[in-house]
Amino acid sequence: MTRFELSGGALCLDFANSWGDRRRAESDRLADYDALVAFAGEAGLLDRRQAARLSRRAREAPAEAARAYAAAHGLRDALYRLFSAQARGRRVDASDLAHVNGALHEALPHLRVARRGGTYAWDWADDGGEPLQAPLRPIARSAAELLTSDDLGRVRECDGAACTWLFLDQSRNRSRRWCSMESCGNRAKARRHYHRQRTSG
Ligand SMILES: [Zn+2]
């Protein structure tokens, strides 16, 4: 069962979007550490075996799991504020960038190059210790890559009234306003239609 929608166009944005509308607590899908593992699995950061290992380790070490879960929330909040400010042309808070850099500092020592079928690819070292913060590492790296890429100017926040989703606008004229036309786009249209009828009637 898929619990997360991965349509933001970048891993770090999809992670921020695990909270659909920041004004409504019930739209937060990152309910516990297992939800973080589920996100990482659905995003392809963990295979099934790694996910099962992390879940087991979280049950064995609840205090460590609580710290990793708090770290996930902290990183997600910083990512949301940072990219939301960027999307809306507002000043980016230095503490949010510092938070992302802190997560990078934890992540990057675990990065390595692995040989795969005759070629080489970036990979994450399997430290054996199964650190519960491992799912956050590729997310921090994704944020660093997006912040330093030409795509940064394409980051948008949905115009939907009950939606705080971030996404990459890949449209040619950079005019995309909603996370998805089916949900927020159609709701906005229906609302405009309703208001027009009210004011004209
Ligand atoms: Zn939306």
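Visitor: What makes the crossing in which H4 passes H5 left-handed or right-handed?

Guide: In this predicted model, H4 passes H5 in a left-handed crossing. A crossing is called left-handed if the near helix is turned anticlockwise from the far one by less than a right angle.

Visitor: Why is H4 called oblique to H5?

Guide: The axes of H4 and helix H5 (residues 94–107) cross at roughly 135° and come within 9 Å. Roughly antiparallel needs an angle over 145, and roughly perpendicular covers 65 to 115. The value of roughly 135° fits neither class, so H4 is oblique to H5.

Visitor: Which residues make that contact, and how do they divide by class?

Guide: H4 contributes Gly74, Leu75, Ala78, Leu79, Arg81 and Leu82, and H5 contributes Asp96, Leu97, His99, Val100 and Ala103. They divide into seven nonpolar, two polar and two charged. Gly counts as polar under this scheme, so Gly74 of H4 falls in the polar class.

Visitor: Why are H4 and H6 described by another word, roughly parallel?

Guide: Helix H4 (residues 62–87) and helix H6 (residues 136–147) have axes that cross at roughly 15° and come within 11 Å. Angles under 35 degrees count as roughly parallel, and therefore H4 and H6 are given that description. Their crossing is left-handed.

Visitor: What makes up the contact of H4 with H6, by class?

Guide: On the H4 side are Ala68, Ala71, Ala72, Leu75, Leu79, Leu82 and Phe83, which meet Leu136, Ile139, Ala140, Ala143, Leu146 and Leu147 in H6. The division is 13 nonpolar, no polar and no charged. Ala, Leu, Ile and Phe count as nonpolar. Leu75, Leu79 and Leu82 of H4 take part here, and these residues also appear in the contact with H5.

Visitor: How many cavities of 30 Å³ or more does the structure hold, and what lines the largest cavity?

Guide: The structure holds one. About 30 Å³ of space lies in the largest cavity. Its lining consists of Phe4, Glu5, Asp14, Asn17, Ser18, Arg29 and Trp165.

Visitor: How do you know which of those lining residues are charged?

Guide: Asp, Glu, Lys and Arg count as charged, so Glu5, Asp14 and Arg29 of the lining belong to that class. The full division is two nonpolar, two polar and three charged residues.

Visitor: What is known of the second largest pocket?

Guide: The second largest pocket has a volume of about 230 Å³. Among its 15 lining residues, Glu5, Cys163, Trp165, Cys179 and Ser183 lie nearest its centre. By class, its lining has five nonpolar, five polar and five charged residues.

How values were computed:
Residues are numbered from 1 along each chain as its sequence is written. This is a predicted model: local features need pLDDT of at least 70, side-chain atom pairs count only at pLDDT 80 or more; totals for chains, interfaces and linings use all residues. Side-chain values use heavy atoms; hydrogens and water are left out. Axes are lines fitted to C-alpha atoms, for helices over the stretch in contact, and angles run from 0 to 180 degrees between N-to-C directions. Helices (H or I, at least four residues) and strands (E, at least two) are DSSP runs, numbered from the N terminus. Contact means heavy atoms within 4.5 Å. On a 1 Å grid over the protein atoms alone, a cavity is a set of points where a 1.4 Å probe fits but cannot get out, and a pocket is an open set with protein on both sides within 12 Å along at least five of seven lines; lining residues have an atom within 4 Å of a point. Grid points are joined across faces, edges and corners, and a volume is the space filled by probe spheres set on the points.
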